[in-house]
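Good morning, and thank you for joining this group meeting. Please take a moment to look at the sequence and the structure before I begin.

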Amino acid sequence: MSKHPTASTAGSNVSWNTAWRALYAGAVMNTFGTPGRVLVRGEGTHVWDVDGNELIDLLAGIAVNCLGHAHPALVAAITEQLNTLGHISNLFTSPAQVTLAEVLADLVFPVEPQFARAFLANSGTEANEAAFKIARRHGGPSRPRILALEEAFHGRTIGALALTHKAAYREPFEPLPGGVEFLPAGDVDALRSALGTDVAALFVEPIQGEAGVRPLPAGYLEAARELTSAAGALLIIDEVQTGMGRTGAWMAHHLLAPDVVPDVVTLAKGLGGGMPIGAAVATGAAAELLGPGQHGTTFGGNPVAAKAALAVIETIETDGLLERVTALGDRWATELAAVPGVTEVRGAGLLRGIGLADSVGPAPEVASELDRRGFIVNAPRPDTLRLAPPFILSDADADAFTRELADVLAGRAAA
Ligand SMILES: *Cc1c(COP(=O)(O)O)cnc(C)c1O
């Protein structure tokens with residue numbers, strides 16, 4: 001029985017946002033707090049809420065909608081595939097699945113032709129679950145330890161959660177899978193002393209997105225590769241947020257540490273441009289560690305999600321979007337850093353953390369004020385705003401945000 005709001009139940013001063021949010025609270029588990037607006041439509045980099053308000057989307061569903069909303073190439077690819085063959089399970093395969101796995105192997109491991117294979121999943125947390133299982137298969141009983149970094153975010157399923165640092169996320173679900181230890185991010189000495197022949201793997205994000213868009217310091221990934229190789233441990237790079245062109249390179253580690261070849265790379269978010277898909281892509285011996293029956297998923301690699309990812313990759317290539325991300329990202333970061341009240345701008349390409357001075361914070365309040373003025377951003381930390389817009393963002397929309405941010409921060413500094 002639907003109890004959808006009507007003009008009479010929503011009241012005379014109708015706020016459909018308020019009416020739907022009230023129903024949400026009764027129908028949807030309270031894992032996300034009170035949602036922002038109730039969105040009903042998107043086109044390009046703009047979205048509309050149920051009350052008809054238009055917003056510029058500078059978050060893209062948290063680094064997901066890299067082609068914006070309703071991109072014709074993505075819509076056409078998904079529609080055509082769904083009209084032809086939608087779902088088949090992994091008792092079968094499809095040209096889309098095989099092609100995507102091949103394309104990802106080349107995108108992730110471009111340095112020299114490498115033997116690489118992909119496991120296709122449905123989300124970032126699942127991509128990391130697959131990588132966790134690869135790490136366990138690599139480690140066996142003699143390598144029970146797995147290393148991750150403080151402030152790391154790798155997802156919310158129990159395995160990925162064991163790799164995630166934040167106590168508030170972990171503690172309600174303990175005991176978590178054992179053997180995971182957290183090291184200070186960027187500390188090579190700590191890594192050196194932690195690594196030994198009892199370590200199966202090190203998980204790292206090249207830029208810690210949920211921690212506030214914090215890149216690892218220069219040289220850390222190179223040291224991590226050298227030290228893990230020496231210890232016989234896998235290097236697993238989580239590119240769920242940073243991958244698929246978000247930083248202007250296909251993978252953030254290509255940009256930050258071009259000589260580093262990890263054993264496993266995990267992807268999701270931008271990969272399907274909004275369709276749910278994730279992947280763990282492995283090279284060398286790591287690509288052979290999961291055998292028949294050792295892992296699986298009913299939906300993983302389904303033709304529609306795979307076709308969506310192929311359309312995303314093709315569009316990024318044909319429309320020169322990596323160059324666009326780099327050019328706009330660099331210019332915008334410089335301009336944002338010059339706004340009074342901004343202390344620094346971190347990140348790369350179109351994944352940016354804007355550090356705010358105490359005098360204009362806290363960041364969640366700034367994000368709310370920007371929302372009221374028609375700009376979607378979020379605040380992953382109390383002192384940081386995050387931008388992760390579609391790659392097709394126009395100069396005009398980027399500049400409009402810069403002006404609006406300056407105005408909001410000036411008002412708050414004066415207050
Ligand atoms: C978002 C994210 C995940 C989890 O992805 P989901 O699709 O939300 O499960 C894992 N790792 C990183 C770095 C992320 O940003």
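I shall begin with the contacts between the domains. The structure is a predicted model, and two salt bridges are counted between domain 1 and domain 2. In one salt bridge of the model, the side chains of Glu151 and Arg381 meet, with 3.6 Å from N to O. Beyond salt bridges, twelve residue pairs are in polar contact across the interface of domain 1 and domain 2, counting pairs with both residues at pLDDT 80 or more.

Which elements give two or more residues to the side of domain 1 that touches domain 2? They are helix 2 (60-63), helix 12 (321-337), strand 13 (342-348), strand 14 (351-356), strand 16 (378-381) and strand 17 (384-387). Helix 12 provides the largest share of that side, with four residues. By residue class, the side of domain 1 that touches domain 2 has 16 nonpolar, seven polar and four charged residues.

Let me now place this interface in the whole protein. The domain assignment gives domain 1 as 45-70 + 320-414, and domain 2 as 85-318. The contact takes 27 residues from domain 1 and 28 residues from domain 2. Taken over C-alpha atoms, the centres of domain 1 and domain 2 are separated by 27 Å.

The size of an interface is often given as the accessible area lost when the parts come together. Here, domain 1 and domain 2 bury about 2,200 Å² between them, and 61% of it is on carbon and sulfur atoms. Which residues of domain 1 lose the most area to domain 2? They are Leu322, Leu351 and Arg381, together accounting for 26% of what that side buries. Arg381 has already appeared in this talk, as the salt-bridge partner of Glu151.

I turn next to the ligand. The residues around the ligand are Ser123, Gly124, Thr125, Asn128, Phe153, His154, Gly155, Glu205, Asp238, Val240, Gln241 and Lys269. For three of these side chains I can give a distance to a particular kind of ligand atom. In the side chain of Asp238, an N or O atom is 2.8 Å from a nitrogen atom of the ligand. Gln241 has a side-chain N or O atom 2.7 Å from an oxygen atom of the ligand. For Lys269, a polar side-chain atom lies 2.6 Å from an oxygen atom of the ligand.

Some details of the backbone also deserve attention. Where are the cis peptide bonds that I wish to show? One joins Glu174 and Pro175, with omega at about 5°. Pro175 lies in the loop between helix 7 (167-170) and strand 6 (180-183). Another cis bond runs from Gly361 to Pro362, with omega near -5°; Pro362 is placed in the loop between strand 14 and helix 13 (363-372). A further point concerns Ile62, which is not a glycine but has a positive phi of about 60°. Ile62 is found in helix 2, one of the elements on the side of domain 1 that touches domain 2.

Finally, I return to salt bridges, now across the whole structure. How many salt bridges does the structure hold? The number is 21. Among them is a salt bridge between the side chains of Asp371 and Arg37, at 3.0 Å from N to O. This pair links distant parts of the chain, 334 residues apart: Asp371 is in helix 13, and Arg37 is in the loop between helix 1 (16-27) and strand 1 (39-43).

How values were computed: Residues are numbered from 1 along each chain as its sequence is written. This is a predicted model: local features need pLDDT of at least 70, side-chain atom pairs count only at pLDDT 80 or more; totals for chains, interfaces and linings use all residues. Side-chain values use heavy atoms; hydrogens and water are left out. Domain bounds come from an automatic or database domain assignment. Contact means heavy atoms within 4.5 Å. Buried area is the accessible area (1.4 Å probe) that two parts lose on being put together, summed over both. A salt bridge is a side-chain nitrogen of Lys or Arg within 4 Å of a carboxyl oxygen of Asp or Glu. A polar contact is a pair of N or O atoms within 3.5 Å; within protein, one must be able to donate a hydrogen and the other to accept it, and residues adjacent in sequence count only if both atoms are side-chain atoms. Ala, Val, Leu, Ile, Met, Phe, Trp, Tyr, Cys and Pro count as nonpolar, Asp, Glu, Lys and Arg as charged, and the others, Gly among them, as polar. A residue is near a molecule or strand if one of its heavy atoms lies within 4 Å of it.
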